[in-house]
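Visitor: Please take a close look at a single part of this structure, the lining of its largest cavity, and then place that part among the elements around it.

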Amino acid sequence: MAHPRMYTDSDPWLSEIRDIALSLPEAAEVEAWGRPTFRAKKMFGIYNGSLSDRLSLEFRPELSESEALRQDPRIFVPPYTGAYGWLALDLLVETPDLQEIAELLEASYRLGALKRMIRALDER
C-alpha cells in the first residue's frame with residue numbers, strides 16, 4: 001500500500017533543499033513514505049513536508065557532532081529514523097540558513113557515499 005503524499009511541490013524550503021541535495025555527486029531524489037528522500041547509494045536526507053506532523057529536514061550527523069546538535073532548540077530526534085542516529089532540523093522555528101542546511105546534508109552524504117562520490121565532491 002502506497003503512503004499518502006506528505007508534501008506539496010510548493011512547500012516552503014523544498015525547492016532550495018532539493019537543489020542543495022541534488023547538487024551532490026550522484027545524488028537522486030526518491031519519494032518514500034510519501035516524502036522526498038535524497039540518496040547517493042544510501043539515504044542522506046528526508047524532507048518532511050507541510051502535510052507531515054512537523055515541517056523539517058532529517059539528516060544523519062557525524063557521531064562526534066550529534067550531542068552538540070541536540071543542544072540546538074531547532075534540532076530534535078525524529079520518530080523512526082531517530083533510533084538509528086538521525087536528527088531533524090525544524091524548519092519553522094526560525095528562517096533556515098541554507099548554508100547550514102548544505103553543511104548538514106553534505107556531512108550526512110559523506111557518511112554513506114562511496115569513495116568515488118566523496119572524491120568527486122572534494123574535487124569540486
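Guide: In this predicted model, the largest cavity is lined by Arg74, Leu89, Asp90, Leu91, Glu94, Thr95, Pro96 and Asp97. By class, four of these lining residues are charged, three are nonpolar and one is polar. The space in the largest cavity comes to about 40 Å³. A search of the whole structure for cavities of 30 Å³ or more returns one.

Two of the lining residues, Leu89 and Asp90, fall in strand β6, which spans residues 87–90. Strand β6 belongs to an open sheet of six strands, ordered β1-β2-β3-β4-β6-β5, with antiparallel pairing. The edges of this sheet are β1 (28–32) and β5 (75–76); each has a single partner strand, so one side of each is left without a neighbour in the sheet.

Further along the sheet order, strand β3 (residues 42–48) and strand β4 (residues 56–59) run antiparallel and are joined by four bridges. One bridge pairs asparagine 48 with serine 56 of β4.

Two helices lie across strands of the sheet, and β6 is among the strands in both cases. Helix α2, residues 63–70, lies across β4, β5 and β6, and runs at about 40° to β6. Helix α3, residues 98–112, lies across β2 (35–40), β3, β4 and β6; the angle it makes with β3 is about 145°.

Terms used
Residues are numbered from 1 along each chain as its sequence is written. This is a predicted model: local features need pLDDT of at least 70, side-chain atom pairs count only at pLDDT 80 or more; totals for chains, interfaces and linings use all residues. Side-chain values use heavy atoms; hydrogens and water are left out. Two strands pair if DSSP finds at least two bridges between them. Contact means heavy atoms within 4.5 Å. Axes are lines fitted to C-alpha atoms, for helices over the stretch in contact, and angles run from 0 to 180 degrees between N-to-C directions. On a 1 Å grid over the protein atoms alone, a cavity is a set of points where a 1.4 Å probe fits but cannot get out, and a pocket is an open set with protein on both sides within 12 Å along at least five of seven lines; lining residues have an atom within 4 Å of a point. Grid points are joined across faces, edges and corners, and a volume is the space filled by probe spheres set on the points. Ala, Val, Leu, Ile, Met, Phe, Trp, Tyr, Cys and Pro count as nonpolar, Asp, Glu, Lys and Arg as charged, and the others, Gly among them, as polar.
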